[in-house]
Amino acid sequence: MSLVMAAAAVLPSCGAFGAPTAAAAAATTPPCTWSRRRRRALSPVVAMASAAQVRAPNKKPFAPPREVRRPVTHSLPPQKREIFESLDPWAADNILPLLKPVESSWQPQDYLPDASSEAFVDEVRELRARAAEIPDDLLVCLVGDMVTEEALPTYQTMLNTLDGGVRDETGASPTSWAVWTRAWTAEENRHGDLMNKYLFLTGRVDMRQVEKTIQYLIASGMDPKTETNPYQGFIYTSFQERATFISHGNTARHARRHGDAALARACGAIAADERRHETAYERVVGKLFEVDPDYTARAFADMMRKKVAMPAHLMTDGRDEDLFARFSAVAQRLGVYTARDYADIIEFLVRRWGVADLTGLSGEGRRAQEFVCSLGPRFRRLEERAHHRAKEAQFAPFSWIYDRQVQL
Ligand SMILES: [Fe+2]
Ligand SMILES: [Fe+2]
């Protein structure tokens with residue numbers, strides 16, 4: 001698979017965890033009857049999402065819609081197991097202050113009609129009138145983002161698989177790392193909650209299909225390929241928080257453009273949370289670069305070589321096992337989250353962590369440094385080439401919006 005195809009498959013998701021994966025992209029290939037020339041002519045994004053047939057998920061109950069490769073786990077070397085424990089006071093001073101106190105946090109109700117008010121019915125009517133102007137492609141992006149957010153149990157689980165003393169050992173552990181993870185989860189929980197209620201009230205979404213997609217996704221889980229290694233885990237979450245910040249910010253701009261200012265404010269509030277979470281995870285990795293630059297550079301390169309899988313990459317609605325690839329293609333075409341964003345995020349993180357300026361690295365560390373510094377421009381060139389080749393419009397039905405066809 002090409003770099004671009006993988007990049008295109010990298011949509012953001014929830015909170016700490018962004019979007020599409022190589023597996024999703026690989027699962028969707030153009031119909032085999034197409035000529036080689038036509039296959040070449042399609043951009044990877046279009047090709048990825050344009051499979052004519054909707055493939056049903058496999059029959060094994062509660063299994064992911066496609067095979068998840070055997071994961072590598074516990075790759076953190078024994079001598080590094082103490083690092084996060086020693087950084088616990090640092091996390092208390094530098095990470096926990098990025099959480100917002102509950103009493104001053106926004107809540108979904110702040111952005112929704114109040115069901116206890118006499119004005120409720122009128123407010124819902126107004127909401128529906130505004131939402132009537134939202135085009136189907138943006139609706140698909142909103143639903144895909146909401147489904148991703150709603151799979152939050154998977155992301156909290158992912159953080160609690162990480163080694164090195166960062167996981168919440170008891171479920172109520174007092175370590176700074178555990179306090180962060182629980183409070184981060186609690187903040188994230190408002191995102192899916194708000195989007196779900198808003199989309200329900202619009203009356204434009206087949207909620208049963210959406211709810212099934214959420215149930216399938218949580219049952220499928222995810223494979224972030226972080227090897228239960230906290231270095232890779234926090235690099236992954238840095239990437240994904242930034243990806244979600246970008247995508248929710250873009251949906252806010254689209255909603256405003258289509259006249260739904262209330263939805264734009266809701267998406268903007270979510271994006272602001274993601275930005276704060278991004279800052280926290282980037283600070284953690286920045287600290288790792290300070291105390292352990294060589295291993296952190298290698299972890300960064302490892303994570304990038306594997307490509308950053310989006311958290312909802314195993315999405316299905318029970319009918320379409322390539323649903324995630326199609327949703328990603330719509331988001332790419334609409335500019336909600338694109339292969340260019342993937343390149344931008346890599347370049348941003350390389351700058352943020354001063355990777356190009358690291359000195360005193362081992363040979364392997366230097367190779368990792370060169371690799372990650374070269375990635376942004378490489379992805380960008382491939383994306384531009386693919387962009388110029390993308391000409392042919394493809395459409396697919398989405399069960400979330402009653403099987404209406406949406407351009408991919
Ligand atoms: Fe987040
Ligand atoms: Fe989120």
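Here is a short conversation about how some features of this predicted model get their names.

User: What should I know about the model before we start?

Analyst: This is a predicted model, in which local features need pLDDT of at least 70, side-chain atom pairs count only at pLDDT 80 or more, and totals for chains, interfaces and linings use all residues. Residues are numbered from 1 along each chain as its sequence is written, chains are lettered from A and ligands numbered from 1 in the order in which they are written, and side-chain values use heavy atoms, with hydrogens and water left out.

User: How many helices and strands does the protein chain have?

Analyst: The protein chain has 17 helices and two strands. Both kinds of element are DSSP runs, numbered from the N terminus: helices are H or I runs of at least four residues, and strands are E runs of at least two.

User: What makes the contact between Lys 80 and Asp 292 a salt bridge?

Analyst: A salt bridge is a side-chain nitrogen of Lys or Arg within 4 Å of a carboxyl oxygen of Asp or Glu. For Lys 80 and Asp 292 the N to O distance is 2.9 Å, so the pair meets that definition. The two residues come from distant parts of the chain, 212 residues apart: Lys 80 is in the loop between helix H4 (44–49) and helix H5 (83–86), and Asp 292 is in the loop between helix H13 (261–291) and helix H14 (293–306). A search of the whole structure finds 26 salt bridges.

User: Why is Lys 80 called buried?

Analyst: Buried means under 20% relative accessible area, exposed means over 50%, and partly exposed is in between (1.4 Å probe, protein chains only). Lys 80 has 12% relative accessibility, so it counts as buried. Its partner Asp 292, with a relative accessible area of 11%, is buried too. Over the protein chain, 59% of the 408 residues count as buried.

User: Why does Arg 404 count as partly exposed?

Analyst: Arg 404 has 32% relative accessibility, which lies in between the two cut-offs, so partly exposed is the right term. Arg 404 also forms a salt bridge with Asp 136, with the closest N and O atoms 2.7 Å apart. Arg 404 lies in strand S2 (residues 404–407) and Asp 136 in helix H8 (residues 136–150), so this pair ties together parts that are 268 residues apart in sequence.

User: Which residues are joined into one network by salt bridges?

Analyst: Salt bridges that share partners join Glu 187, Arg 190, Asp 273 and Arg 276.

User: How do you know which residues coordinate the iron ion (ligand 1)?

Analyst: Donors are N, O and S atoms within 2.8 Å of the metal (3.2 Å for Na, K and Ca); water is not among the atoms, so sites may look incomplete. The iron ion (ligand 1) is coordinated by Glu 188 (OE), Glu 241 (OE), Glu 241 (OE), Glu 274 (OE) and His 277 (ND1), at 1.7 to 2.8 Å. Of these donor residues, Glu 241 is in helix H12 and Glu 274 in helix H13, 33 residues apart. Both Glu 241 and Glu 274 are buried.

User: What does Glu 188 bridge?

Analyst: Glu 188 bridges the iron ion (ligand 1) and the iron ion (ligand 2), which lie 3.9 Å apart. Glu 188 sits in helix H10 (residues 176–202), and at 1% relative accessibility it counts as buried.

User: Which residues does UniProt list for "binding site"?

Analyst: The unreviewed UniProt entry lists Glu 149, Glu 188, His 191 and Glu 274; such annotations may be inferred rather than shown by experiment, and positions are given in the numbering used here, with feature names shortened. These residues spread over 126 residues of sequence yet cluster in space, the largest C-alpha distance being 11.4 Å. Glu 149 is in helix H8 and is buried, with a relative accessible area of 2%.

User: What makes Gly 144 buried?

Analyst: Gly 144, in helix H8, has 0% relative accessibility, which is under the 20% cut-off, so it counts as buried. A contact means heavy atoms within 4.5 Å. Not counting residues up to four places away in sequence, Gly 144 touches Met 315, Phe 327 and Trp 400.
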